[in-house]
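Work through these exercises with the model open beside you. Try each task before you read its solution.

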Amino acid sequence: MSEALQSDARAIIEARGLTRIFMSGGRPLEVLKGIDLNIGAREFVAVVGPSGSGKTTLLGLLAGLDRPTAGNVRVDGRDLGALTEDELALFRVNRIGFVFQTFHLLPTLTALENVLVPVELAGGNRGGVRLTGRAARDHARALLDRAGLGDRAHHYPVQLSGGERQRVALARAFANRPRILFADEPTGNLDADTGSTVVALMEDLNRDAGTTLVLVTHDAELAARAGRVIRLGKGRVVSDAPPVRAERFGAAPVSGQ
Amino acid sequence: MDRFSFRMARREWRATLRRLGVYMTSITIGVAALVALHSFRHDVVRSIHAENRSLLGADARLGTNREIPDSVTAIVDSLVAHGADAARVTGLVSMALAERSGLTRLVQLRGVEAGFPFYGEVTTDPPGMWGRLSGRNALVDPAVMVQLAIGPGDTLRLGTAAFTVAGSVEGLPTDIGFQAATGPRVFIAHDQVDDTGLLGLGSLSRHNVYLRLPPGIDPDEVEEAHEEVLRATRVSLRTPEEHARSLTRSTDFLADFLGLVGLAALLLGGIGVGSAVNVFVRAHFTSIAVLRCVGATRRQVFSIYLLQSVWMGFLGSVGGVALGLVVQRFLPLLIRDVLPVEVATSVSAGSVAFGLFLGTWVAFIFALLPLLEVRKVSPLQALRLESEAAPGKDPARILAVSAIAVTVLALTLFEAPSPEAGLAFAGGLAVVTAVLSGVALGLARGTRRFFPRGAGYTLRQGVANLFRPGNQTVAVTLALGFGVLVVGVIVQLQRNLVRALSLEGGANSANMLLFDVQPGQEEGVGAILAGYSEGAPEIAPMVTARVAALNGRPVADILADSAGDERPERWTLRREYRHTYRAAVKDTETVVAGEWWGGGGPAEGALARVSVEEELADDLRVGVGDEITWLVAGIEIPTVVSNLRSVDWAGFDTNFFVVFEPGILEELPRTSIVLATVPGEEARARFQQALVRGYPNVSVLDLVTIRTAVETILSRVVAVIRILAGLCAAAGLVVMAGSIASTRAQRRREGALLRTLGARFGQIRRILMSEYVALGTLAALAGGALALVASWLLTVQLFGLTFAPALGAAALLWLAVVALTVLTGVASGGGGAGSAPLKALRAAAE
């Protein structure tokens, strides 16, 4: 761990020499080849690249869902490699939110209950304020209201449209006011208009709550809305720069390489 | 288990109930069977022990097969001098002849002294007759009145005396339903027994003295104080507690065996739960991964599904307890005849708790194995990434498998009547499970490899479905195969037992057994028989004997030895034998060692030769050349074992453990038994009348009547076994239905896909039919084969009968199973037929 990086107070995610090798058909397959990366707090970063370039693998490593073959990741000042599985879980509850391409709402729970899951996982302890029972439900409902789904709180996922599902997923992702939101192709299963609404919602949250957004996408239009685009190719960072379009948000990229 | 896991489990439960509710039923059935049996046994034991003094009719009973010896009479007298009351009851078997109707019947005659029974009320019709039983009056079982077509005031001839029927005995507390079946009773005053002239030598009589002891004298103390006299005179003393224990023994035995059947049903339910949880958990992998992404720990997600499984087991058990209590209420009605007492049903808290715990526990341990997979689900799976399986063995898996093994073993040992039976049952279960799973896997693979490529598409696709990922082939084969096994064994056993019992079917069609024919009466009896019987009657002389010494060593010495492999079994030295003598080997016997004797009698100076039945020889630890000294009518007769015989005991025949060569026993006190065939009911009745008039001491057993009585009792017992087997099969069906239903979503998706690709409803239906027919056939074949093996083992090894497979019944069973499988499959609504493919595809995508 270099002193220089530790001293970089604004970087919320620091990756050093991230390498991930999978065994595929008995042969090692190097998906990520020593990636170095810093992402600053409140940044909106899009990770793009062709299929198989390692985008999702990188996302998994940054979020502490997977462990690198070599290298390390520090998130919000914690070395993820030093945490046990349970500590990682607790870490995710309190600081990280997720949005998936296929929404991944729990089909057996209503919209409201889906949003409540992270709150309850945190034991209602949200930023030192205990949020239980009625208060927790009110909180979840407020999030749904904000996503424009106040009247759909007691619907099951099957009863919702794709866009509605993704908005519930967003509300769930924000339930504990995470420091970072990871999104994996969040608009991949949505039509353009619906996708746009969802992204707008994410941008609002990024602005209002100061949440760092890291999203993996194929969608050039979506990537263009980010403050910074990291392009992967064959397991390496090919380019790392603001999108071609003008920056829309103040946060400038923290210098990487 | 934190609050989060509880909450999530509670929320998911709604959906789980919808999908897995049917599996709760499989636990329900097993628990119901066990709770019903345990509570019922509890009822029986409680009822018997509550009335143990009434059931014995006294505080103690002295009993022997001979006249009560003077030394014992002296004990009774001294007890009476100390304030005890005594009443003698002499029982013997006799023919009863109704003078008016001319009908005859073998009855159990009881000479009763006033006072008996000391506890409990005897009810008579007309009332109050019991206390006035004296002189030449007789009270009879209602069955005697019906069978002999007599009523009060009629004359009944018993031996050489005539009695007037004073009424009927409606209820005797010492009565056991079972006893009445072997022969209805006639009661007379004790001082009249001698007048019947039936207490001759060789008659089957039982002499009892019932005692009411004054306060302060305990029956066990009496037994202890006079132990030596009682043992020397072979007089037994029975206390109410002993009596109650011996009465509960038979129901215990039945309950134990039925308990194993119930246990099998429960374990089947456990397999059902395991297979359901397996499918269920697999369907939830994504949800689990998402929960992990969101920050749930492994322990939390594991707890969520564990809680649901345990809750499922608990609810199933609650249902099982309720159903079990209902069954418990109806069991006594069904088998009232074979129960010693009126059984009052009550809810036993112990049985209820046992059922609840057991059902929940079984669901828990069987769910554990598939649930362990939950811990391995990586959050990465939510990101569409395959995660690498953790290498190495999971110690928790080994723990879970051990928990199942230990539970199964503990439960079988607990339920089985003996540790050996428990181990055998547990071993049998393991073998059956292994064979069925092996057959499912092996046959399925073989089918795939060798299935004709030229077969139609729908057939090939249907068979291929048996190996789809997450298929339930093994679970369904286990469930169905087990059901087929249980039902198959019962059908096969019943067929074979009935065949063995049937008199018409066998080579030996004898239906009249005459006993107590005295020396000198053989010819006269034979003359009467000649007018009625078909073929020559078989006459076998009979001499009672005991073992006095083995190879010169007195029995008392041998018995004093500590038990070991070398020492003969206790029963072989203590029992009273009935020997016969004859020159030739019978058809039902085969000499297996040594040689049968030729004619001419024993050589001068040589020991008398005997032939010993091989299993008795085994227990006596004797072989050819060993010497046995017999005590016959006070005379010691040394003999040498010249050969061993195997005897086919099946069927009604005059078979003996020990046969003497002729020329030894002829002059000793003996009686003869005669086996004859008298065709026609009327001829049998007339023959019996003629015989009773001529030879009142000779008893006749109408084997047809006995067989009917035995069949009646057997059918009651079989009915109970059938109910439990039915429960077991039902559990199998439920598990099968659940297993098939659990893959419904998958089949629906496939059906929708096939329809999108252009398949017609008919084709999809044919694919499903092929799958279910193959599945049903697989299970029926495996279970059927096991059933044949098991019933062959039981018939030949346990009952010692010949086995003939009832193939017609087996084929019917196969058809039924296939039909049930197809019906269940179609009813579970797989295939997506009936709905638009798009709708099905969309629903499946969620």
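**Exercise 1: The sheet with the hairpin**

A:Ile13 stands opposite A:Val75 in S4(A). Keep in mind that this is a predicted model.

Task: Find which strands pair with S1(A), and in which sense.

Solution.
Step 1. Start from the pair A:Ile13 and A:Val75, the latter in S4(A). S1(A) and strand S4 (residues 70-75) of chain A are joined by 5 bridges, in the antiparallel sense.
Step 2. Now take strand S2 (residues 27-40) of chain A. Over 11 bridges, S2 pairs with strand S1 (residues 11-24) of chain A, again in the antiparallel sense.
Step 3. Check single pairs. A:Phe22 has A:Leu29 in S2(A) as its bridge partner. A:Met23 faces A:Pro28 of S2(A).
Step 4. Look at the turn. S1(A) and S2(A) make a hairpin, with 2 residues between them. In this turn A:Gly25 has a positive phi of about 60°.

Task: Give the strand order of this sheet in chain A, and say why one side of S2 and of S5 has no neighbour.

Solution.
Step 1. The order is S2-S1-S4-S5 in chain A. These 4 strands form an open sheet with antiparallel pairing.
Step 2. S2 and strand S5 (78-79) of chain A stand at the edges. Each has a single partner strand, so one side of each is left without a neighbour in the sheet.
Step 3. Add the helix. Helix H2 (residues 55-62) of chain A packs on the sheet and touches S1, S2 and S4 of chain A. The direction of H2 makes about 125° with that of S1(A).

**Exercise 2: The sheet with mixed pairing**

Task: Describe the open sheet of 6 strands in chain A. Name its edges and the helices that pack on it.

Solution.
Step 1. Write down the order: S6-S9-S10-S3-S11-S12 of chain A, with mixed pairing.
Step 2. Find the edges. Strand S6 (96-99) and strand S12 (236-241) of chain A each pair on one side only.
Step 3. Note the twist. Neighbouring strands of this sheet are turned by 20° against each other on average, direction ignored.
Step 4. Take one pairing as an example. Strand S3 (residues 44-48) and strand S11 (residues 228-233) of chain A run parallel, joined by 4 bridges. A:Val45 has A:Arg228 in S11(A) as its bridge partner.
Step 5. Place the helices. Helix H6 (residues 162-173) of chain A packs on the sheet and touches S6 and strand S9 (180-184) of chain A. The direction of H6 makes about 170° with that of S6(A). Helix H7 (residues 192-209) of chain A also packs on the sheet, touching S3, S9 and strand S10 (212-216) of chain A. For H7, the angle to the direction of S10(A) is about 150°.

**Exercise 3: Backbone details**

Task: Locate two cis peptide bonds in chain B and a positive phi at a residue that is not a glycine.

Solution.
Step 1. B:Phe116 and B:Pro117 are joined by a cis peptide bond, with omega about -10°. B:Pro117 lies in the loop between strand S3 (104-112) and strand S4 (123-125) of chain B.
Step 2. From B:Asp125 to B:Pro126 the peptide bond is cis too, with omega near -5°. B:Pro126 sits in the loop between S4 and strand S5 (137-140) of chain B.
Step 3. A:Arg177 is not a glycine, yet has a positive phi of about 45°. Look for A:Arg177 in the loop between H6 and S9 of chain A.

**Exercise 4: Where the chains meet**

Task: Describe the interface of chain B and chain A, then find a salt bridge across it.

Solution.
Step 1. Count residues. The contact takes 38 residues from chain A and 29 residues from chain B.
Step 2. Give the area. About 3000 Å² is buried between the chains, and carbon and sulfur atoms give 59% of this.
Step 3. Count the polar links. Across the interface there are 10 residue pairs in polar contact and 5 salt bridges.
Step 4. Pick one salt bridge. The side chains of A:Glu113 and B:Arg11 meet at 3.6 Å, N to O. The cut-off is 4 Å, so this pair counts.
Step 5. Sort the residues on the chain B side that touches chain A: 13 are nonpolar, 7 polar and 9 charged.

Terms used: Residues numbered from 1 in each chain as written. Chains lettered and ligands numbered in written order. Predicted model: local features only at pLDDT ≥ 70, side-chain atom pairs only at ≥ 80, totals over all residues. Heavy atoms only, no water. Contact = heavy atoms within 4.5 Å. Buried area = accessible area lost by both parts, 1.4 Å probe. Polar contact = N/O pair within 3.5 Å; in protein donor to acceptor, adjacent residues only side chain to side chain. Nonpolar A, V, L, I, M, F, W, Y, C, P; charged D, E, K, R; others polar. Pairing = 2+ DSSP bridges. Axes fitted to C-alpha atoms, helices over the stretch in contact; angles between N-to-C directions.
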